[in-house]
Amino acid sequence: MVGDFSLFTSPGMQRIPNGDPHEAVARVHAGPPIFYSPDNTRDGRGTWLITRAKDQRQVLQDPETFSSNRSIFASALGDDWPLIPLELDPPAHGVFRSLLNPLFSPKRVIALEPSIRARAITQVEKISASSNSCEVMKDFAIPFTVGVFLHFLGLSDERLDMFVGWANRLLHGDKAQRSAAARAILEFIDELAALRRKEPADDFMTFIVEAEIDNRSLADKEVRGIGVLLFVAGLDTVAAALGFDLAHLARNPKDQELLRSEPERIVLATEELLRAYSTVQMIRVATKDVDFEGAPIRKGDYVSCATMIANRDPVEFENPNTIDLAREDNRHTAFACGPHRCLGSHLARREIIIALEEWLSRIPHFRIKEGTAPITYGGHVFGIENLVLDWS
């Protein structure tokens, strides 16, 4: 049951110009629904790879058999503490999820929308006024999405480049780079928590250091686990999703014109873009020996639930490699499912919708600039760079 596929090393997964890593991973659906991939993590570990959407849902909704705790961040430092709530399993997970849910609720996101839209307008108008082209990741997608999240955390934009650099080295760097980035982020979060204990403010970190669960304050490791997770989560994935979306519209003028002439379609279209260009691989750890769909999974084995694979499942989606912006009943798992469904999904979805609305209303018809080629890559988080758009 060993398969010759890896999200890191297979064709289309390494950094290449004009790549399409999502179409590349969709090819696994021609093979068995589950197989062992001997090299499917950053550090070269093997994973069982689940390809069917229904099987991924079964894994993700069974935390008793498939744990979410694999110390993904702390292990880079030689430590052992969980990112919270991502790496906690029920029932502890539910306690912290209940604490944090109100901060990311649809009602909370609606309240944030005016400031998010104002930020998008400012960014797009600055680009429009200065040139007829831009590298859209550096000039819009990253500063917009990261800026929104830093504002949410109560941090200014002044150190945005430094924060993004940490995230890039943590998520996409080599072992030494990941360790150095993890240490820098940890020190920053610890210092911020200490500052907010002395000088409270109206921000996320103050909420955390003042929070209580079970009639007690949070321990230092719990504050650290929450702070690090939310800091890292907001620095890469939404910008990557927005980059893939704009690249699609640049290459598909009919889709671009449809959303430009009928902007009310953007909400529905965003769900299809989230499906087609999902960016995250989730990994679970088997807590016991189990035979799963004929696969002999053993305690401690890694199990991969890659959203970009599930969302190209032909059993789940008709013509999955066709991007249909009017697709309805779109049960994609871009934000995962089960108890660990993405806490920030409402915020991320709203950011993408607003970004597309403001970009399309202020930038004329755009395309990939002639003579340039976007660089795409696979991995735990898919990404795109050097996306130069032109509207001259």
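Reader: Quick one before we start, what does buried mean here?

Author: Buried means under 20% relative accessible area. Please also keep in mind that this is a predicted model.

Reader: OK, then take strand β3, is it covered or open on its faces?

Author: Strand β3, residues 47-50, is covered on both faces, since the cited residues on either side are buried: Thr47 and Leu49 on one side, and Trp48 and Ile50 on the other.

Reader: Which way do β2 and β3 run, and how many bridges join them?

Author: Strand β2, residues 34-37, runs antiparallel to β3, and the two are joined by 4 bridges. As an example of the pairing, serine 37 has threonine 47 of β3 as its bridge partner.

Reader: And what about β3 with β11, parallel or antiparallel?

Author: That pairing is parallel, with 2 bridges between β3 and strand β11, which covers residues 302-306. Here tryptophan 48 has valine 303 in β11 as its bridge partner, and Trp48 is also one of the buried residues of β3.

Reader: Remind me, through what do strands of a sheet pair in general?

Author: They pair through backbone hydrogen bonds, and the arrangement can be either parallel or antiparallel.

Reader: Moving on to the open sheets. What is the order of the one with β1 in it?

Author: The order is β1-β13-β14, an open sheet of 3 strands with antiparallel pairing. Its edge strands are β1, residues 16-17, and β14, residues 383-385, each of which pairs on one side only. Between β1 and strand β13, residues 375-377, there are 2 bridges, again in the antiparallel sense, and proline 17 stands opposite isoleucine 375 of β13.

Reader: Which helix lies across β13 and β14?

Author: Helix α10, residues 237-251, lies across those two strands, and its direction is at about 65° to that of β14.

Reader: There's another open sheet with β5, right? Which strands are at its edges?

Author: That sheet has 3 strands in the order β5-β15-β12, with antiparallel pairing. The edge strands are β5, residues 133-135, and β12, residues 367-368, and each pairs on one side only. Strand β15, residues 388-390, is joined to β12 by 2 antiparallel bridges, with isoleucine 368 having leucine 389 of β15 as its bridge partner. Helix α5 packs on this sheet, where it touches β5 and β15 and makes about 70° with the direction of β5.

Reader: So α5 also meets α14. At what angle do they cross?

Author: The axes of α5, residues 136-153, and α14 cross at roughly 140° and come within 11 Å. At that angle α5 counts as oblique to α14, because only angles over 145 degrees count as roughly antiparallel. The crossing of α5 and α14 is right-handed.

Reader: Which residues do the touching there?

Author: From α5 the contact has Val136, Phe140, Phe144, Thr145, Val148 and Phe149, and these meet Leu347, Glu351, Ala355 and Trp359 of α14. By class, the contact of α5 with α14 divides into 8 nonpolar residues, 1 polar and 1 charged.

Reader: How about α6 and α7, is that crossing left-handed or right-handed?

Author: The crossing of α6 and α7 is left-handed. The axes of α6, residues 160-172, and α7, residues 175-198, come within 8 Å and cross at roughly 140°, so α6 is oblique to α7. On the α6 side the contact is made by Phe163, Trp166, Arg169 and Leu170, and on the α7 side by Gln177, Arg178, Ala181, Ala182, Ala184, Ile185 and Phe188. Counted by class, this contact of α6 with α7 has 8 nonpolar, 1 polar and 2 charged residues.

Reader: Change of topic: where is alanine 336?

Author: Alanine 336 is in the loop between α13, residues 307-310, and α14, residues 345-362. Alanine 336 has a relative accessible area of 7% and is therefore buried. Not counting residues up to four places away in sequence, alanine 336 touches Leu60, Met282 and Arg341.

Reader: And threonine 333, buried or exposed?

Author: Threonine 333 is at 8% relative accessibility and so counts as buried; its place is in the loop between α13 and α14. Leaving aside neighbours within four places in sequence, threonine 333 is in contact with Thr307, Ala310 and Asn311.

Conventions:
Residues are numbered from 1 along each chain as its sequence is written. This is a predicted model: local features need pLDDT of at least 70, side-chain atom pairs count only at pLDDT 80 or more; totals for chains, interfaces and linings use all residues. Side-chain values use heavy atoms; hydrogens and water are left out. Axes are lines fitted to C-alpha atoms, for helices over the stretch in contact, and angles run from 0 to 180 degrees between N-to-C directions. Angles under 35 degrees count as roughly parallel, over 145 as roughly antiparallel, 65 to 115 as roughly perpendicular and the rest as oblique. A crossing is left-handed if the near helix is turned anticlockwise from the far one by less than a right angle, and right-handed if clockwise. Contact means heavy atoms within 4.5 Å. Ala, Val, Leu, Ile, Met, Phe, Trp, Tyr, Cys and Pro count as nonpolar, Asp, Glu, Lys and Arg as charged, and the others, Gly among them, as polar. Buried means under 20% relative accessible area, exposed over 50%, partly exposed in between (1.4 Å probe, protein chains only). Two strands pair if DSSP finds at least two bridges between them.
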